[in-house]
Amino acid sequence: MSEEVARPPVTDQPDQPDQPADRTASTQATVTQAPGTTVNRGAGMAGSLLRGGVGRNLGLVIALVVLCIVGVATGGDRFASGANVLTILRLAAVIGVVSIGMTFVITGGGIDLSVGAMVALASVWATTLATQQLGADYGWIFMVSTALLVGAACGLVNGLLVAYGKIVPFIATLAMLAGARGLAEIISDRKTQIITVNPFVDFFGGSLIGVPVLVWMFLLVAAAGWVLLNRTTFGRRTFAVGGNAEAARLAGIKVQRHTVALYVLAGLCCGIAAVMLMARTTTGSATHGQLYELDAIAAVVIGGTLLSGGRGTIVGTVIGVLIFTTLNNVFTLNNLSISAQSVAKGLIIVIAVLLQQRLAARAT
Amino acid sequence: MSEEVARPPVTDQPDQPDQPADRTASTQATVTQAPGTTVNRGAGMAGSLLRGGVGRNLGLVIALVVLCIVGVATGGDRFASGANVLTILRLAAVIGVVSIGMTFVITGGGIDLSVGAMVALASVWATTLATQQLGADYGWIFMVSTALLVGAACGLVNGLLVAYGKIVPFIATLAMLAGARGLAEIISDRKTQIITVNPFVDFFGGSLIGVPVLVWMFLLVAAAGWVLLNRTTFGRRTFAVGGNAEAARLAGIKVQRHTVALYVLAGLCCGIAAVMLMARTTTGSATHGQLYELDAIAAVVIGGTLLSGGRGTIVGTVIGVLIFTTLNNVFTLNNLSISAQSVAKGLIIVIAVLLQQRLAARAT
Amino acid sequence: ACTSNTPEAEKSTDTGSKAAAVANDAPGKKVKIGFSAPAADHGWMGAITKATKAEAAKYPDVELVVAEGTNDVNLQISQVETFINQKVDAIVLLPFDGAALTAVATKAMQAGITVINVDREFDNSFAARTTVLGDNHGMGVSAGTYVCEQLKGKKDAVIAEIAGIDSLPLTQARSTGFKEALADCGLKVSNRVAAEFTVESGEKAAANLLQAAPKIDAIWNHDDDQGVGVMAAIKNSGRKEFFVVGGAGSANVMRDIKAGNTLMRATVIYPSTQGADGVRLARLLVQKKALGDLVEVEVPRQVQLYAPVVTKDNVDQYLPTAFES
Amino acid sequence: MAGIVKEFPGVRALDGVDLDVRRGEVHCLLGQNGAGKSTLIRVLTGAHQPDAGTIHVDGNEVSLNSPTDSIQLGIAAIYQELDLVPDLTVAENVFLGHEPARFGLTRRHETTARARELLTGLGHGEIPPGRPVGLLSAAGQQVVSMARALSRDAQLIVMDEPSAVLDSEEVANLFRVIRGLTARGVAVIYISHRLEEIRAIGDRVTVLKDGATVATGLDARETPTAELIRLMTGRSIEYVFPPRVEIPSTAPVVLEVENLSRPGEFAEIAVSVRAGEILGLAGLVGSGRSEVLETVYGARRAATGVVRVDGKELRPGRVQSAVRAGVGLAPEERKSQALLLDEAVYKNITVSTLGRFASMGFLNSRAEREAAEELTRALDVRPAGVDHPVRNLSGGNQQKVVLARWLLRDCRVLLLDEPTRGVDVGARSEIYALVRKLAANGVAIVLVSSEVEEVLGLADRVVVMREGRAVHSGPAQEIDEHRVLDLVMEGSAV
Ligand SMILES: Nc1ncnc2c1ncn2[C@@H]1O[C@H](COP(=O)(O)OP(=O)(O)OP(=O)(O)O)[C@@H](O)[C@H]1O
Ligand SMILES: Nc1ncnc2c1ncn2[C@@H]1O[C@H](COP(=O)(O)OP(=O)(O)OP(=O)(O)O)[C@@H](O)[C@H]1O
Ligand SMILES: [Mg+2]
Ligand SMILES: [Mg+2]
């Protein structure tokens, strides 16, 4: 059951000296699926998700585990406590949902720089007085739908610009970044809008069976994303469109419409993330989601999704997000000087990626 | 994402409706040296630079001209004055030099997110007390060389990580971004370091024949970059490495070494930009160069360089930089609110790119 | 505590309260304090963190845990959560966005942790035990009043404003104050640009501004760190017809004012020691001590620092306490 | 070369290959798809490093760590998968890596002049040296590759299936060039699946099977075909076309093309194909056959004309419309137009038929695999198994995957553009049989091939194209190879 796409041959020759960088990077993501693996495919979806995910992302998992060991060694119980784990997960949840959407866009050969701005705009729009009034009168579902709709609409504009306007994704979404943030500032008059609809905050800020609702949402989005990418025709077509758009077109795939759908999906994820952020901060603000584009792309790419498209992994993205958030947590626990944290972060990223590559190469 | 990459002779048909965006962009970059052009080659390099540049970037030039017309209409003499033009050019100079370096990296199939951090680190290093002492005692050349060396060294690390460490450029330079900025903060202790070597500020802050030294430097770097990219084996190989790394390797090009050289070049440009910024602000600071990576990539991509490599244009990059700086200038002249500026910026980017595409398509 | 920006300052100005201060400084119960602030992407914010750390280092009974500066409220919230998990005694919190951090601060208070809110206010008074504020609105008023005084009688004066990060409430408060004070004497801001609190952005904004306004009488620049860039741009333009008022009060600017050879005529102080004050107050609160100079036996709910105008006449009084940016 | 071994993860591509090439000879390499020919070549050019074995050049043992090393030893190559940079011009590609330059400054006029010289030498003076290579047809690109190999002053030139995209005239041209080279003492290694070419140009033959040398030093002209095929495949194969079946005159017309034109490419094409009929399009490279197919499919928008499938008009320039009407296209350039290189074989095969394997959008990969396995077995795709990324397959096997995709789909009309490009003798007859079987099931098929023999042998009716126009149309039985060649050459043979 190949969760992710298999690799080009190039990676298989560690001895090849002049290997182009891009090619090699692919090692992170996947391992050529040997025919043998088909044998135990009966084990079912969840099993294969775990096995496949861990196997192919061994280096990343090890990096994460090492980070945790460092956390325990330096932070002791403070790190290992349930409360702290939930803190990490809650932090990961918002950017995680954004990254899931980003995984789709990047796998489909695009990129979305506007995620942070879309989160801001959706959060602002969903917390305007009028919307909150609706929310107070008829239930918070109105605020949630507003956020989702705004996110999806922005995504739609992105998608149309890219697919039909034929503007390179980088530029189209850069324009959206500027536009959406500006609009968010205009709507909110640059003021932080406080949420007064208590049921909203209570529900999304609360817990279910001891686990925060935000974390449940992240899990749900990740699981849905995994199924969508790996088990549906939509996902298969996403790989095709990202891998070779021309071939996909000649194979009869509606490439343009699919591209639009990918950006709408990313926008929708931003809408969800906006709801989560609203619950966490009890506010909507034009300053929400700053630099999320970088964080999300970094998580996606470190997870093994190919920036040039055609290869993507939800499991990798989730691990990537967890690595970054755990890193932040360990730093906070350890009282490193802030500048040193920055330097350490750079080093750790490099080490994690190198580790993942070496291990993935060995695994083949 | 170019949806329909139609095949071979498509470019011969101006009426071709589904001409892909990418191909269209190519018209800018790949100089189709039809046999005919050799006739008037006597016109020389500068001439062909202008002709080719303007022709291929017609849409961008028009966008720039329209911007200027708007500037004159709304700002009158304040916009059209020589002083204002020099202001725009001075503003463009720093990010322009960074963008030239970025053009090489992107054309070669990479990306460099660390440019801003490298500018900051180089500026800080070159303005430490010790360096300034050297500069005061033996001439500012020491400060300049320090900045260039630091830039080049950071670029070298980037290049080694990408070419030999085989880390995807996005991640490798993201790590450098974190690392270099952290290091800059540590070195400067987060203080703004004021330059006391007056000859340095006087020289780089001054003018030659009425034109600021900074603008001369920008012109020089741009011209050198143009020659390097379009008239040398190095440039030729850059296109090859970015366009098809495997083919380049098979043709006997040392792809890895070349990749390293490209990142060193970008780092060097950051060093130059740091010198320029030091002269402009009379300081070195860890906060210099914030978000340069986005600005530079945006200028490069809007100029017509392909984000996936293999196609690049220095003239386009220069026009791209000018569009963004002129935009800011016109906005300021008009006292527009920042939020409105942001929205307008998004719209203008989209319009400029659409214009450029339609015109380039017609030109073929 | 109006001008007591650093202990050195206190020593020179607050001689009367020496006894109390000494009593308060005596080591007590060990206090673990968490500190979180926005990203140090500009000089003032860098100075805040530095001063905070320096202050904490003076007390053997204080252990300060500093979290990475961030402009992502989500991350900052999780930092506070981490502090709660760590069971610190107090949290000194300079929120990126006061309203957004209110909920988690309240949670910390409920967990029995003393929260000191610094600089950007929560929107709920239960979220912090004590709030240390600069006076942003007052800064604008002080700057505006000073400009009015200087331009006495000039009815058609051109006044320009170089603001800081425009999306921050504090920038809006400063601008409002400035506008109000100018309106009092019949003046208004004719050109306004916003920079980002960095040297570079200041230079950029000023260069554009100088083109936009061919004749200017006065400029108020919100932030002295970006002011370095502003002054560089002004120097470059060769223009001299106006004067500049700064903001925040960095040592560089005060030296310029003292030397009197630049267009920088005055600056309005916005203390960069709020975090440091927060640490002190946190320590006092946890150790159940009172503010030395007050009769009151509890630390007050709110301390608002004053925003005085520094000119050549009084610069000597403030120079020692100014931050090096 | 002796005892060369090269292992890829899970595949031993080369398992002790010996090969010696003499000065001035044309040494042919034969072997089935996936036998290891290209891999051997890539070891020789330093693109792959062997796991064992030695290479001697002029008697000295050498180690080739990178293409640079082998280039310096005077080894040049035309790779099977074109190794060109699409955005560089023809001249720039020809001299890539050894640009004429002074102090690092390229000498563009010299580059252009010398490139034109080389192209003229190859009989293609008409290819503009200033044109980006990406805009050339496959054949044009092949010519550029050849020019590049010739541009180096090589002692040994390796040609990996250079003729796959060439027509007979081009091949003759190529042979003239090769003879010129060997006369100067240059050695040539020549790989092709067309045995008649090997007879025409080869001196000695080495046969590879499953990564090992099974015979070497055979005489290229004397060794009987049956023997060669037996050596390659381990069995004997009758290299024949399946018998035609009579198409009842009542069979409905499925594909109807009227007055189809695209200025500069082709004009006034009118064909109709009935259910069960195979229509062959013959013509020289560049006569516009691929363009016709792509236009019918909607990948290009026709300037004039209509396409009807089962009487229903297709929307011009809309692939979707054609696909919905049941048209399939197996395009000419497998790498850029058809394959998802990093995806598994089965995913490449099912990509056009995903709906069949899905319920409510959820895929049943087991069914996908089974369907794909069946087809790969029928087409003898090697290595077996449908989970390999297509990138790791040999060229011929990749072609089979492309074909499998369209065989899987229940098409009403199947457009096959060079379906046997690079496919070995054994698999070729399988493909012929499959195509015939499809036709028998009522599919209308249009076949484009540069091998006249193939068109004549497989098709029921033949249309001959020259310079974008149909110059002949008639039943395949009524025309022979010479007549086709005459028609095709007329005018251009001046
Ligand atoms: N990079 C690679 N990784 C894994 N397997 C590979 C790789 N390259 C080639 N192979 C395998 O090695 C074997 C030999 O391939 P090769 O390309 O040399 O065949 P070939 O003789 O050239 O075939 P064809 O006639 O189809 O071109 C094949 O089984 C192929 O799948
Ligand atoms: N050798 C060549 N030199 C220059 N241009 C060529 C050459 N071959 C093809 N072209 C261009 O490409 C167009 C058609 O090429 P193409 O090869 O696709 O046609 P085709 O008849 O389908 O041949 P093929 O058998 O290769 O499929 C022609 O209009 C011509 O302009
Ligand atoms: Mg081969
Ligand atoms: Mg063709």
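**Close-up views of a predicted complex**

**View 1. Leu174(D) and its surroundings in chain D of the predicted model.** Leu174(D) counts as buried because its relative accessibility is 2%, which lies under the 20% cut-off. The residue belongs to helix H6 of chain D, a helix that covers residues 168-183. When neighbours within four places in sequence are left aside, the contacts of Leu174(D) are Met146(D), Met159(D), Pro162(D), Leu166(D) and Tyr190(D). Arg461(D), by comparison, is 287 residues away along the chain, and its C-alpha atom is separated from that of Leu174(D) by 30 Å. For chain D as a whole the mean pLDDT is 87, with 98% of the residues reaching 70 or more.

**View 2. The magnesium ion (ligand 4) with its donors from Ser290(D) and Glu332(D).** The ion is coordinated by OG of Ser290(D) and, listed twice, by OE of Glu332(D), at 1.6 to 2.6 Å. Ser290(D) is part of helix H9 (residues 289-297) of chain D, whereas Glu332(D) sits in the loop between strand S18 (327-330) and helix H11 (334-338) of that chain, so the pair ties together parts that are 42 residues apart in sequence. Both Ser290(D) and Glu332(D) are buried.

**View 3. The magnesium ion (ligand 3) with its donors from Ser38(D) and Gln80(D).** The protein donors here are OG of Ser38(D) and OE1 of Gln80(D), which lie 1.9 to 2.0 Å from the ion. Because Ser38(D) comes from helix H1 (residues 37-44) of chain D and Gln80(D) from the loop between strand S6 (75-78) and helix H3 (90-94) of chain D, the pair ties together parts that are 42 residues apart in sequence. Gln80(D) has a relative accessibility of 14% and therefore counts as buried.

**View 4. Phe170(B) in the largest nonpolar core.** This core has 200 residues, of which Phe200(A), Phe170(B), Ile171(B) and Phe200(B) touch the most other members. Helix H14 (residues 255-281) of chain B gives the most to the core, with 15 residues. Not counting residues up to four places away in sequence, Phe170(B) touches Leu294(A), Ile297(A), Ala298(A), Val301(A) and Leu307(A), together with Ile111(B) and Leu113(B). A second, separate core of 90 residues includes Val323(D), Ala372(D), Val402(D) and Leu447(D).

**View 5. The interface of chain B and chain A.** Here 57 residues of chain B are in contact with 61 residues of chain A, and the two chains bury about 4800 Å² between them, 69% of it on carbon and sulfur atoms. The rule finds 0 salt bridges across this interface. For the complex, the predictor gives an ipTM of 0.86 and a pTM of 0.87.

How values were computed: Residues are numbered from 1 along each chain as its sequence is written. Chains are lettered from A and ligands numbered from 1 in the order in which they are written. This is a predicted model: local features need pLDDT of at least 70, side-chain atom pairs count only at pLDDT 80 or more; totals for chains, interfaces and linings use all residues. Side-chain values use heavy atoms; hydrogens and water are left out. Donors are N, O and S atoms within 2.8 Å of the metal (3.2 Å for Na, K and Ca); water is not among the atoms, so sites may look incomplete. Helices (H or I, at least four residues) and strands (E, at least two) are DSSP runs, numbered from the N terminus. Buried means under 20% relative accessible area, exposed over 50%, partly exposed in between (1.4 Å probe, protein chains only). A nonpolar core is a set of buried Ala, Val, Leu, Ile, Met, Phe, Trp, Tyr and Cys residues joined through side-chain atoms within 4.5 Å. Contact means heavy atoms within 4.5 Å. pLDDT is the predictor's confidence in each residue, from 0 to 100. Buried area is the accessible area (1.4 Å probe) that two parts lose on being put together, summed over both. A salt bridge is a side-chain nitrogen of Lys or Arg within 4 Å of a carboxyl oxygen of Asp or Glu.
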